[in-house]
Amino acid sequence: MAAILEVDHLVKKYGDFAAVKGVSFSVEEGEVFGLLGPNGAGKTQTISMLTSVIKPTAGTARIGGYDIVKNLTQVKKINGLVPQDLALYPTLSARANLDFFGRIYGLRGAQLKERVEDVLRVVALTDRADQVVDKYSGGMKRRVNIAAGLVHQPRLLFLDEPTVGVDPQSRNHIFESVLRLNRERGMSIVYTSHYMEEVELLCHRVAIMDQGCIVAMDTIQNLIAMLGGGVIHVGLERVDAALLAQLAALPAVKEAQLLPPPVAPPAAVGEEAKAKESPPIPAGPVVQIKAEHSQQAIVNVISFLNERAIALTSLQILEPNLESVFLHLTGKKLRE
Ligand SMILES: Nc1ncnc2c1ncn2[C@@H]1O[C@H](COP(=O)(O)OP(=O)(O)O)[C@@H](O)[C@H]1O
Ligand SMILES: [Mg+2]
């Protein structure tokens with residue numbers, strides 16, 4: 001596979017403040033590449049440089065082999081941008097908006113009409129296309145915004161946080177469109193988000209950004225494997241310091257510690273009590289076990305407890321995910 005995007009030490013500074021501190025990555029033709037990071041990480045600034053919205057302070061990037069600054073005309077044909085903020089004419093219909101964006105790209109006549117109908121189908125808005133955009137839900141506006149970025153048939157599409165403020169139904173439509181554009185049309189996609197679930201679902205590879213830097217970059221599987229091991233919660237009928245020490249000393253176990261007792265939620269009253277089902281709270285003590293190898297640790301812990309006739313009251317295996325990778329790398333949660 002050839003790289004459609006090669007980013008080389010890209011920097012964006014405002015006075016002394018560096019919003020992007022020399023990021024480098026490449027995106028292969030046909031790849032969905034995720035930029036995952038909390039608000040303020042530098043995702044939009046990075047995308048804005050790659051799509052010629054702002055100028056890099058330093059560094060270079062090539063798109064389809066063309067320099068993003070020197071070969072602007074060629075780069076603009078390859079790139080499609082769906083910006084984080086909506087850029088639509090509220091008083092025009094979806095179809096008229098897309099017609100307008102198509103004209104900006106030089107499309108006319110039958111070709112323009114065909115492209116507009118095609119992108120309306122991609123975002124599943126054909127039936128509602130003649131309604132004024134102002135009357136649309138937030139999610140539908142988002143989908144028109146996506147269609148606008150597609151009308152000139154880009155080979156590389158940048159989607160900047162496309163699901164923020166979107167209802168679940170439109171969110172699913174957006175996911176489906178992204179997957180279809182990639183699988184059926186071979187479109188390469190750069191997708192930014194601060195929702196790790198989205199990136200896990202859609203992206204082949206992910207760069208994790210924090211404070212203007214890429215702190216890790218790999219497939220999701222490899223990023224998670226980097227953490228090593230896993231975490232297991234074991235509920236027991238009784239625990240003391242000696243038992244904790246014995247558990248911690250078992251092969252494949254790194255650490256064993258007693259979790260603080262859970263706090264009971266305030267009792268719901270009346271109708272609320274009927275509607276709300278709180279998750280069951282484990283009755284006894286729960287030990288958190290950090291494992292080198294989850295599966296081996298579970299086997300060892302259970303046989304140890306069996307030999308001593310200590311009853312297990314619950315067992316929970318906590319799957320490592322991108323959120324835990326991010327926490328591990330930055331000491332922060334993605335959404336704070
Ligand atoms: N025009 C600007 N002038 C100064 N700082 C800016 C400007 N635009 C963005 N920033 C800052 O750059 C950092 C990165 O912003 P941004 O790329 O929008 O983050 P993200 O998209 O990851 O949420 C933030 O600290 C933001 O406040
Ligand atoms: Mg942003």
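**Notes on the predicted model and its ligand shell**

1. Let's start with the ligand. In this predicted model, ligand 1 sits among Tyr14, Ala19, Gly37, Asn39, Gly40, Ala41, Gly42, Lys43, Thr44 and Gln45. By character, the shell around ligand 1 splits into three nonpolar residues, six polar ones and one charged.

2. Which helix gives the most to that shell? Helix H1, spanning residues 43–50, does, with three residues. Lys43, Thr44 and Gln45 are listed around ligand 1, and these residues are buried in H1.

3. H1 deserves a second look for its burial. The helix is mostly covered, with eight of its eight residues buried. Beyond the residues just named, the buried set in H1 includes Thr46, Ile47, Ser48, Met49 and Leu50. Following H1 comes Ser52, and its phi is positive, near 65°; you may like to view that spot in the model.

4. Next, the sheet. Four strands form an open sheet in the order E2-E1-E4-E5, and their pairing is antiparallel. Strand E2 (17–28) and strand E5 (66–67) are the edges, each pairing on one side only. Inside the sheet, five bridges link strand E1 (residues 3–14) with strand E4 (residues 58–63) in the antiparallel sense. For a handy register mark, Leu5 stands opposite Ile63 in E4.

5. Further along the chain there is a hairpin to inspect. Strand E9 (residues 205–210) and strand E10 (residues 213–219) run antiparallel and are joined by six bridges. Here the register can be read from Arg205, which stands opposite Thr219 in E10. Two residues lie between the strands of this hairpin, and Gln211 has a positive phi near 50°.

6. On domains, the assignment for the chain gives domain 1 as 3–225 and domain 2 as 229–268 + 280–319. Domain 2 is thus written in two segments. How many Å separate the centres of the two domains? Taken over C-alpha atoms, the centres of domain 1 and domain 2 are 44 Å apart.

7. Finally, the chain as a whole. The secondary structure amounts to twelve helices and 14 strands. Along its principal axes, the C-alpha trace spans about 80 × 55 × 40 Å. Of the 336 residues in the chain, 36% are buried. Among contacts with a separation of 6 or more, 74% come from residues 24 or more positions apart.

Conventions: Residues numbered from 1 in each chain as written. Chains lettered and ligands numbered in written order. Predicted model: local features only at pLDDT ≥ 70, side-chain atom pairs only at ≥ 80, totals over all residues. Near = placed C-beta within 6 Å. Nonpolar A, V, L, I, M, F, W, Y, C, P; charged D, E, K, R; others polar. Domains from an automatic or database assignment. Pairing = 2+ DSSP bridges. Buried ≥ 20, exposed ≤ 12 C-beta atoms within 10 Å, placed from the backbone. Contact = placed C-beta atoms within 7 Å.
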